[in-house]
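Here are my notebook entries from a session with this structure, kept short for whoever picks it up next at the bench.

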Amino acid sequence: RCKNLSVSFWNSYWMLPSDVCGMNCFWEAAFRYDYMKTHPSEKMHLAVVACGERLEETVTMLRSAVIFSIKPLQFYIFAEDQLHESFKDILDDFPYEGKVNYTLYPITFPTENAAEWKKLFKPCASQRLFLPLILKNVDSLLYVDTDILFLRPVDDIWSFLGKFNATQIAAMAPEHEEPRIGWYNRFARHPYYGVTGINSGVMLMNMTRIRRKYFKNDMTPVRLQWREILMPLLKKYKLNITWGDQDLLNIMFFHNPESLYVFPCQWNYRPDHCIYGSNCKEAEEEGIFVLHGNRGVYHDDKQPTFRAVYEAIKNYSFGDDLVHSLLQPLELELQKTMHTYCGKVYKVFIKQLTKSIRDLYARRSNGR
């Protein structure tokens, strides 16, 4: 395919703005490839939980993971039974044999408290809390919500596992960058991590460490393991939590802050980062790495920048030229959104995407 690339693309390849990849980006790339060189056969493990009308959204997320990633991907898809056949039909048609494997799981909660967990926040949402206990043989895992889109290789976020220090067991991004618009620091009725809390829509986990750790807590002077702490936390705080399992994670890492590695905001970029004015400086400098379209913004007209990216990836056909079939049409759509706050900074939505496409074609031309 790379032999059929147009000359105009290769011209644009070398004429990309210099700010697409500054020195920070250079050193990140150097770390990434060093990590991959020392973990050559490592498979990346990605989990998602899908219920209700989330089939299309989940598949679009998985497509975005497949398009740019380098190492093989193993998907763990937890879904309601009626969705399993549709997932099989779609994923078996992915044209990347050997690069992508998947396993489908039913939605399961501890039998004695299943009803309570099911009604927490949204149906199935709290399933993620039990992944370390269900996937007992998986060492590390990237959990993402269905409304996530990867704009650079999963390999890059996966490599953060190599940056964990001896006490860190998981990585998440802050809920807000700007405390004046923060939810937790203004409204929470329970402990939360840091200044503005953390968002659990993108959660990288060393599950071996999670299973082994004994957590400090405010229920008993005795430290509790993951399997022991979840239900007592729910019982204590269920009348005070709004965002379900995310709130429980905030409480846990409030008491165990040394256990969390914090991602910069461009690894979990949400509407709150631009609808009140741009407040993710890292995205302004390097672009968005992982887009999180929470609050249903992929499916309504409230945030057309987010919807444009979602539609572009959803409609992209594997094997088509990424510049002419994805990037260029997307930029035209984004330019139509400049009347919105997020549209005013629409270039952050394609800055990293442009680089990811350039890097992908460079790898192909080198036979990688």
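**Entry 1: a strand pair.** I began with strands β2 (residues 73–79) and β3 (residues 100–105), which run parallel and are joined by 6 bridges. This is a predicted model, so I read everything below in that light. Next I traced the route between the two strands: the chain leaves β2, passes through helix α4 (residues 84–91) and arrives at β3. This β-α-β crossover is right-handed. I also looked up what F78 faces, and found Y105 of β3 opposite F78.

**Entry 2: aromatic pairs.** How many aromatic pairs does a search of the whole structure find? My search came back with 22. I picked out Y96 and F318, whose ring centres are 5.2 Å apart. Their planes meet at 80°, and angles over 60 count as edge-to-face, so I logged the pair as edge-to-face. Then I checked where the two partners sit. Y96 is in the loop between α4 and β3, while F318 is in the loop between α13 (304–315) and α14 (322–335). The two parts are 222 residues apart in sequence, so this pair ties together distant stretches of chain. Are Y96 and F318 buried or exposed? I found both of them buried.

**Entry 3: another edge-to-face pair.** I then turned to F306 and F349, which form an edge-to-face pair with 5.3 Å from centre to centre and 85° between the planes. F306 belongs to helix α13 and F349 to helix α16 (residues 348–365), so I noted a link between parts 43 residues apart. Both F306 and F349 are buried.

**Entry 4: a ring cluster and two charges.** I followed the ring pairs further and reached a cluster made of F160, F164, Y261, F263, W267 and F289. F289 has a charged visitor too: the charged end of R152 sits over its ring, 4.1 Å from the centre. Going back to F318, I found the charged end of R63 over that ring, 4.6 Å from its centre.

**Entry 5: one glutamine.** Last, I looked up Q225, which lies in strand β9 (residues 224–225). Why do I call Q225 buried? Its relative accessible area is 11%, and buried means under 20%, so Q225 qualifies. I asked what the Q225 side chain reaches, and got the backbone oxygen of R211 at 3.0 Å. Setting aside neighbours within four places in sequence, I listed the contacts of Q225 as R211, R212, K213, Y214 and F215.

Terms used: Residues numbered from 1 in each chain as written. Predicted model: local features only at pLDDT ≥ 70, side-chain atom pairs only at ≥ 80, totals over all residues. Heavy atoms only, no water. Helix = DSSP H or I, 4+ residues; strand = E, 2+ residues; numbered from the N terminus. Buried < 20%, exposed > 50% of the residue type's maximum accessible area, 1.4 Å probe, protein only. Polar contact = N/O pair within 3.5 Å; in protein donor to acceptor, adjacent residues only side chain to side chain. Contact = heavy atoms within 4.5 Å. Pairing = 2+ DSSP bridges. Right-handed = clockwise from strand over helix to strand, strands pointing away. Phe/Tyr/Trp six-rings, centres within 6.5 Å; stacked < 30°, edge-to-face > 60°. Lys NZ or Arg CZ within 6 Å of the ring centre and 35° of its normal.
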